[in-house]
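Let's take a walk through this structure together, one stop at a time. Keep the picture open as you read.

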Amino acid sequence: MTATAAPLDLLLLPSWLVPVEPAGVVLKAHGLGIRDGRIAFIGPREAALKLASKETRELPGMLLSPGLINAHGHAAMSLFRGMADDLPLMTWLEKHIWPAEAKWVDEAFVRDGTDLAIAEQLKGGITCFSDMYFFPKVASDCVHNSGMRAQIAIPILDFPIPGAASADEAIRQGIELFGDLKHHPRIKITFGPHAPYTVCDANLEKIRIIAEELDASIHMHVHETASEVQQAVDQTGERPLARLGRLGLLGPRFQAVHMTQISEDDLALLVESNTSIIHCPESNLKLASGFCPVERLWQAGINVAIGTDGAASNNDLDLLGETRTAAMLAKAVAGSATALDAHRALRMATLNGARAMGLESEIGSLEVGKAADMVAFDLSGLAQQPIYDPVSQLIYATGRDCVKHLWVAGKQLLDDRRLTRMNEPELVASAIEWGRRISGRNE
């Protein structure tokens, strides 16, 4: 891999470079060069040091990988973190979350909550996230200002939501925002019908037609619990996924979030349609929603990405921890210690997320020509020694506190664990103040 005569903007020299593509590769004594926000060089250290570069950084003891991609979440719900713990999904939603949203969610809530989520994710090695929440224009402004990358899913339900009095209004807002941000280098707009049980056939048809016209993705909670599926069967005689297939929504642009319930017919439909699955293991575990059969999906050739879900049901936005949980859970569910090995788990948290969002040509792996979205993990600590396979150590023995540096499109947003564009003390103070208001405390 070669570079042109123009000097690099930055040359990084880590102990290990894990490109993710090709799969299973760990490069030692290699360098990576960035020019104009893109990867311009990957090659042996000796060759790298011969290149002209405006800046060279040694990263001893560090593993350089693609930035992590959080393929599902509700960013602003970080301000509801820990508010209604240890409850089943529908009780959590109907008795606690929906009433709290009706009372508190406005543009200021979404702005402050999204900024909090962005900062937490950057410090955890996440360079791109998918957000599905109210006031998506506000969230997109937060992403733009932060320098991060995101997919913003326009929330659509059959009833009024904060910021949209009807599904038609939400769809109109989505079309407008899609047009405004169509050429944004870091933000992608998609459509987010909430779930099969909150969106009728007529509105799903509208969304399908618009998504096809705009070549936009659709992001939706599907088969989150067994009771959701059973209720649909009892009422209509049809499983929700089959209904979505009948309506023409499934396909390579469709992102099915959760999918804890998968029959043989469901599996065939997923394979045939080339639909992506977004796996959120910790939220599913905490809400006792069920287990997504990741290894079964993977062996069937289905693209499986990973998401944290919102901090109100997780309760963190720690994708590295989520990936570790996913790897462990996949083994237990499959009854096989070889299920979802460390290298595939990292792929699920990077390139598979990019593929689900239709961004695989831009991000998700370290390849010449792709955007320089990268994270450096410090594996020099006591808890990571000795190192036989650095990717195994990353997945099974490393926490997000080992995230050292992070770049999006070549811009460093985290330098030695310090946010370069966001004020962490201000974000903490804002979150504390929201907590006081929401809980009614006066102290």
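**A guided tour**

V20 has a relative accessibility of 6%, so it counts as buried. Keep in mind as we go that this is a predicted model. You'll find V20 in the loop between β1 and β2. Its backbone has a twist to look at as well: phi of V20 is near 75°, which is a positive value in a residue that isn't glycine.

Stay in that loop for a moment. P22 also sits between β1 (10-17) and β2 (27-28), and the peptide bond leading from E21 to P22 is cis, with omega near 5°. Another cis bond turns up further along the chain, where Q385 is joined to P386 with omega at about -10°. P386 has its place in the loop between β14 (374-378) and α15 (390-397).

Now for another positive phi. D86 isn't a glycine either, and its phi is near 65°. Look for D86 in the loop between β6 (68-70) and α2 (89-104). Is D86 buried or exposed? With 68% relative accessibility, D86 counts as exposed, since the cut-off for that is over 50%.

On to the helices. Two packed helices are described by the angle between their axes and the distance between the axes. Take helix α3 (residues 107-123) and helix α16 (residues 424-439): they pack at about 130°, and their axes are 10 Å apart. That angle falls outside the ranges for roughly parallel, antiparallel or perpendicular, so α3 and α16 are oblique to each other. The crossing of α3 past α16 is left-handed.

Which residues make that contact? On the α3 side they are A108, F109, D112, D115, L116, A119 and K123, and on the α16 side E424, L427, S430, A431, W434 and I438. Sorted by type, the residues where α3 meets α16 come out as eight nonpolar, one polar and four charged.

Two of the names in that contact deserve another look, this time for their rings. A pair of aromatic rings is described by the distance of the centres and the angle of the planes. For F109 and W434, the centres are 5.3 Å apart and the planes are at 85°, making the pair edge-to-face. This pair ties together distant parts of the chain, with F109 in helix α3 and W434 in helix α16, 325 residues apart. F109 and W434 are both buried. Ring pairs also bring in F80, so that F80, F109 and W434 are linked into a cluster.

The model has four aromatic pairs in total. Another of them is Y133 with F134, whose ring centres are 4.6 Å apart and whose planes meet at 45°, so this pair is tilted. Y133 and F134 are both buried too.

The last stop is another helix pairing. Helix α5 (residues 167-180) and helix α6 (residues 201-214) have axes that come within 11 Å and cross at roughly 10°. Why is α5 called roughly parallel to α6? Angles under 35 degrees get that label, so this crossing qualifies. From α5, the contact draws on A167, D168, I171, I175 and F178, while α6 brings in N203, K206, I207, I210 and L214. Between α5 and α6, the contact residues divide into seven nonpolar, one polar and two charged.

Note on methods:
Residues are numbered from 1 along each chain as its sequence is written. This is a predicted model: local features need pLDDT of at least 70, side-chain atom pairs count only at pLDDT 80 or more; totals for chains, interfaces and linings use all residues. Side-chain values use heavy atoms; hydrogens and water are left out. Axes are lines fitted to C-alpha atoms, for helices over the stretch in contact, and angles run from 0 to 180 degrees between N-to-C directions. Helices (H or I, at least four residues) and strands (E, at least two) are DSSP runs, numbered from the N terminus. Angles under 35 degrees count as roughly parallel, over 145 as roughly antiparallel, 65 to 115 as roughly perpendicular and the rest as oblique. A crossing is left-handed if the near helix is turned anticlockwise from the far one by less than a right angle, and right-handed if clockwise. Contact means heavy atoms within 4.5 Å. Ala, Val, Leu, Ile, Met, Phe, Trp, Tyr, Cys and Pro count as nonpolar, Asp, Glu, Lys and Arg as charged, and the others, Gly among them, as polar. Rings of Phe, Tyr and Trp (its six-membered ring) pair if their centres lie within 6.5 Å; planes under 30 degrees apart count as stacked, over 60 as edge-to-face and the rest as tilted. Buried means under 20% relative accessible area, exposed over 50%, partly exposed in between (1.4 Å probe, protein chains only).
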